[in-house]
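Work through the exercises below with the sequence and the coordinates at hand. Each task is followed by a solution in steps.

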Amino acid sequence: MTKIGTYQFVTESYLLDFRGRVTIPTIGNYMLHAASHHAASRGFGFNDMTEKHTAWVLSRLAMEMWEYPVLSPDPLTLNTWISEVSRLFTSRCFEWLNAQGKPVGYAHSTWAAIDMETRRPMPLEEEALRVYLDDRPCPISRPNKIPPVENAAEGRAYIIKYSDLDVNGHFNSIKYMEHLLDMFDISMFREQEIRRFEIAYMAEGMYGMPLTLHKADAGNNRYNMAICHEGKALCRAAAVWE
């Protein structure tokens with residue numbers, strides 16, 4: 001079994017935004033799909049973890065896209081590999097290639113395993129995971145610490161709904177992205193592009209939970225964001241525009 005997983009995706013019109021480009025949340029879904037299949041085919045996927053009453057959770061993600069996919073019959077290629085393993089966390093990288101084989105984006109992610117009942121972190125099976133470690137370079141910086149903005153920016157109210165939930169009944173990690181990006185005016189998407197997006201997941205959301213969404217201009221085309229419940233952050237994120 002190779003260390004690097006390679007997957008192909010074909011863009012469809014219903015996946016595109018009003019500019020005809022694949023969105024950041026859709027790119028996130030592609031990466032979750034690749035990560036899931038890469039793990040499953042190597043013995044540590046969803047079903048394997050469920051048998052042990054554990055589950056993978058995405059802790060941090062940073063992505064940089066230099067070229068967003070558009071409608072095309074030619075498939076995109078997504079490579080993914082494990083770049084680091086520690087007692088409680090593992091790092092996974094992603095590389096996007098266009099139809100000509102040119103890299104157009106990268107992502108760096110951090111994952112943890114949690115007990116499905118207590119929701120507390122569980123030690124990883126380090127030796128089993130280290131078999132698939134690969135030193136292939138990921139030429140973007142790791143997810144950085146994101147400053148809090150919940151006390152500096154007025155919050156926009158939102159309540160978690162049915163369509164926000166994942167298979168575990170919790171706030172879907174991609175839905176966090178969607179709601180954060182919806183805070184930007186459409187004129188920004190017409191005139192600029194998000195070159196780097198990063199998010200840190202800090203707590204789980206549940207159905208019916210009242211939230212506040214916050215966004216603050218940090219200067220140099222960067223915006224810091226947060227989704228909070230009762231003043232405590234469920235996630236913090238940042239977007240750098242160009």
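Contact here means heavy atoms within 4.5 Å. The model is predicted: local features need pLDDT of at least 70, side-chain atom pairs count only at pLDDT 80 or more, and totals for chains, interfaces and linings use all residues. Residues are numbered from 1 along each chain as its sequence is written, and side-chain values use heavy atoms, with hydrogens and water left out.

**Exercise 1. Overall fold**

Task: State what share of the contacts with a separation of 6 or more comes from residues 24 or more positions apart, and compare the radius of gyration with that of a compact globule.

Solution:
- Step 1. Residues 24 or more positions apart supply 72% of the contacts with a separation of 6 or more.
- Step 2. The rule for a globule is 2.2 Å times the number of residues to the power 0.38, with the radius taken over C-alpha atoms.
- Step 3. For 242 residues the expected value is near 18 Å, and the protein has 18 Å, which agrees.
- Step 4. The C-alpha trace spans about 50 × 45 × 30 Å along the principal axes.

**Exercise 2. Helix α4**

Task: Decide whether helix α4 is enclosed or open, and find what caps its N-terminal end.

Solution:
- Step 1. Helices are DSSP runs of H or I with at least four residues, strands are runs of E with at least two, and both are numbered from the N terminus.
- Step 2. A residue is buried under 20% relative accessible area, exposed over 50% and partly exposed in between (1.4 Å probe, protein chains only).
- Step 3. In α4 (residues 173–181), 8 of the 9 residues are buried, so the helix is largely enclosed by the rest of the structure.
- Step 4. Among the buried residues are I174, Y176, M177 and the charged-type side chain K175.
- Step 5. The cap is N172, with a side-chain oxygen 2.8 Å from the backbone nitrogen of I174.

**Exercise 3. Two loop residues**

Task: Is P69 buried or exposed, and which residues does H170 touch?

Solution:
- Step 1. P69 sits in the loop between β2 (54–65) and β3 (76–85).
- Step 2. Its relative accessible area is 8%, so P69 is buried.
- Step 3. Beyond four places in sequence, the contacts of P69 are T11, G20, R21, V22, I27 and L76. P69 and T11 are 58 residues apart in sequence, yet their C-alpha atoms are 7.5 Å apart.
- Step 4. H170 lies in the loop between β7 (156–159) and α4, and at 10% relative accessibility H170 is buried as well.
- Step 5. Leaving out residues up to four places away, H170 touches R119, D164, L165, E204, G205 and M206.

Methods
A polar contact is a pair of N or O atoms within 3.5 Å; within protein, one must be able to donate a hydrogen and the other to accept it, and residues adjacent in sequence count only if both atoms are side-chain atoms.
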